[in-house]
Amino acid sequence: MKAVLCKTLGPARDLVLEDVASPVPKKNEVLLDVQAAGVNFPDTLIIEGKYQFQPPLPFSPGGEAAGVIAAVGEHAGAFKVGDRVMALTGWGAFAEQVAVPHYNLMPIPQSMDFATAAAFGMTYGTSMHALKQRGQLQPGETLLVLGASGGVGLAAVEIGKAMGAKVIAAASSAEKLAVAKAAGADELIDYSQASLKEEIKRLTGGQGVDVIYDPVGGQLFDQAVRGLAWQGRLLVVGFASGNIPQMAANLVLLKGAAVLGVFWGAFAQRQPQDNAANFQQLFAWHAEGKLKPLVSQTYPLAEAGAAIEQLAQRKAVGKLVVLAK
């Protein structure tokens, strides 16, 4: 089979496409014929050795995939050959086949194609966990989404609306904000043109926002925390800016606020029943047309490195998907 390989830690341009042996599913695993694989921010980090875990070299990046089960190992649950599934792989998805533990699989709804399924799991799973379990977003509350045109940001906009919140989308250009507006955002902030803090104050009549969803970090974090309402919740989702911010603890005290970490991967492993319930709701909203994942661009397997580079440069909107077939 063909696979995109990271042989030395470094930039995406160093990835190579090679023929390698197909994996053999072990106990508790299935072999997946990959149809499509989502491109996510962790992919930009893992190939440079900057992620929370590091597979041994050489490895294929790609943290999520969608495809058809080709073989089943021992004790692989109820899945069978021919099932259409979406998979959380951690790495290995930028290949024609990947072996996946059965507990990291979910059936793909009939209404969802492979490219959409590959773009769904990580971004919508992260944003649902963030807003439901961590942020406890309530109907009528105000949600501010930073980086609102990216994969997790757009998912947060759509889920926030589905949960009954007023959604303020913030992004770095008018073009990106148009994408967030199409996803249902009620108000828009272009933080390349105006002060995020002052715009939050203006749009909320000085009251601040109840929940902030922040996958960006850096200076935006510093401005956003000052726009929290009394007993507001700030969700730390990631650091796409490359800058991990430091926070003045007195701001948390004065606002009676909470700063909450969001680590969906660990949540899915530690609380599988809650994660499954989240996805039941997400799939129902998708079937109702409330969630419409934006796959803005697809790439052939040989160009997976270009897709990762596009994401790393923060030029992408929505989700980028690599097609293995």
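Leaving aside neighbours within four places in sequence, with which residues is Lys132 in contact?

1. **Lys132.** This note concerns a predicted model. With neighbours within four places in sequence left aside, Lys132 is in contact with Met163 and Asn278. The C-alpha atoms of Lys132 and Asn278 are 8.6 Å apart in space, although 146 residues separate the two in sequence. Lys132 belongs to helix H3 and is partly exposed, its relative accessible area being 39%. That value lies between the 20% under which a residue is called buried and the 50% over which it is called exposed, so Lys132 falls in the intermediate class.

2. **Helix H3.** The helix that holds Lys132 is largely enclosed by the rest of the structure, because 11 of its 14 residues are buried. The buried residues of H3 are Gly121, Met122, Thr123, Tyr124, Gly125, Thr126, Ser127, Met128, His129, Ala130 and Leu131. As a general point, an α-helix has 3.6 residues a turn, so residues three or four places apart point the same way. Just after H3, Gln136 takes a positive phi of about 45°.

3. **Leu131 and the nonpolar cores.** Leu131, one of the buried residues of H3, is also among the members of the largest nonpolar core that touch the most other members. That core has 48 residues, and the others singled out in this way are Phe120, Leu143, Ile159, Tyr213, Leu235 and Leu282. Beyond four places in sequence, Leu131 is in contact with Gln136, Leu137, Leu143, Ala156, Ile159, Gly160, Met163, Val211, Tyr213 and Leu235. A second, separate core has 33 residues, including Val39, Phe79, Leu105 and Val322. In soluble globular proteins, nonpolar side chains tend to be buried together.

4. **Strand S5 and its partners.** Strand S5 is largely enclosed by the rest of the structure, since four of its five residues are buried. S5 runs antiparallel to strand S4 (residues 64–72), and five bridges join the two. In this pairing, Gly67 stands opposite Val85 in S5. S5 is also joined to S7 by three bridges, again in an antiparallel arrangement. Here Met86 stands opposite Met106 in S7.

5. **The second largest pocket.** Which elements each supply at least two residues of the lining of the second largest pocket? They are strand S5 (84–88), strand S7 (105–107), helix H3 (121–134), helix H9 (264–270) and helix H10 (272–287). The volume of this pocket is about 360 Å³. Its lining comprises 17 residues, and those nearest the centre are Tyr103, Asn104, Leu105, Met106 and Asn275. By class, the lining residues are 12 nonpolar, four polar and one charged. Two of the residues nearest the centre also appear in the points above: Met106 in the pairing with Met86, and Leu105 in the second core.

6. **Backbone geometry.** Most residues other than glycine have a negative phi, and most peptide bonds are trans. Three places may be inspected with this in view. The peptide bond from Leu57 to Pro58 is cis, with omega near -10°, and Pro58 lies in the loop between helix H1 (41–46) and S4. Gln136, which is not a glycine, has a positive phi of about 45° and is placed in the loop between H3 and strand S8 (142–145). Gln231, likewise a residue other than glycine, has a phi near 60°; Gln231 is located in strand S12 (residues 228–236).

7. **Asp19.** Is Asp19 buried or exposed? Its relative accessibility is 58%, and Asp19 therefore counts as exposed, the cut-off being over 50%. Asp19 is located in strand S2 (residues 16–19). Apart from neighbours within four places in sequence, Asp19 is in contact with Met1 and Lys2. From C-alpha to C-alpha, Asp19 and Met1 are 5.4 Å apart, with a separation of 18 residues in sequence.

8. **Gln313.** Gln313 occupies the loop between helix H11 (304–312) and strand S15 (319–323). With a relative accessible area of 40%, Gln313 is partly exposed. Gln313 and Phe239 are 74 residues apart in sequence, and their C-alpha atoms are 13 Å apart in space.

Definitions and conventions
Residues numbered from 1 in each chain as written. Predicted model: local features only at pLDDT ≥ 70, side-chain atom pairs only at ≥ 80, totals over all residues. Heavy atoms only, no water. 1 Å grid on protein atoms, 1.4 Å probe; cavity = no way out; pocket = protein on both sides within 12 Å on 5 of 7 lines; lining within 4 Å. Points joined across faces, edges and corners; volume = space filled by probe spheres on them. Nonpolar A, V, L, I, M, F, W, Y, C, P; charged D, E, K, R; others polar. Core = buried A, V, L, I, M, F, W, Y, C linked by side-chain atoms within 4.5 Å. Buried < 20%, exposed > 50% of the residue type's maximum accessible area, 1.4 Å probe, protein only. Contact = heavy atoms within 4.5 Å. Pairing = 2+ DSSP bridges.
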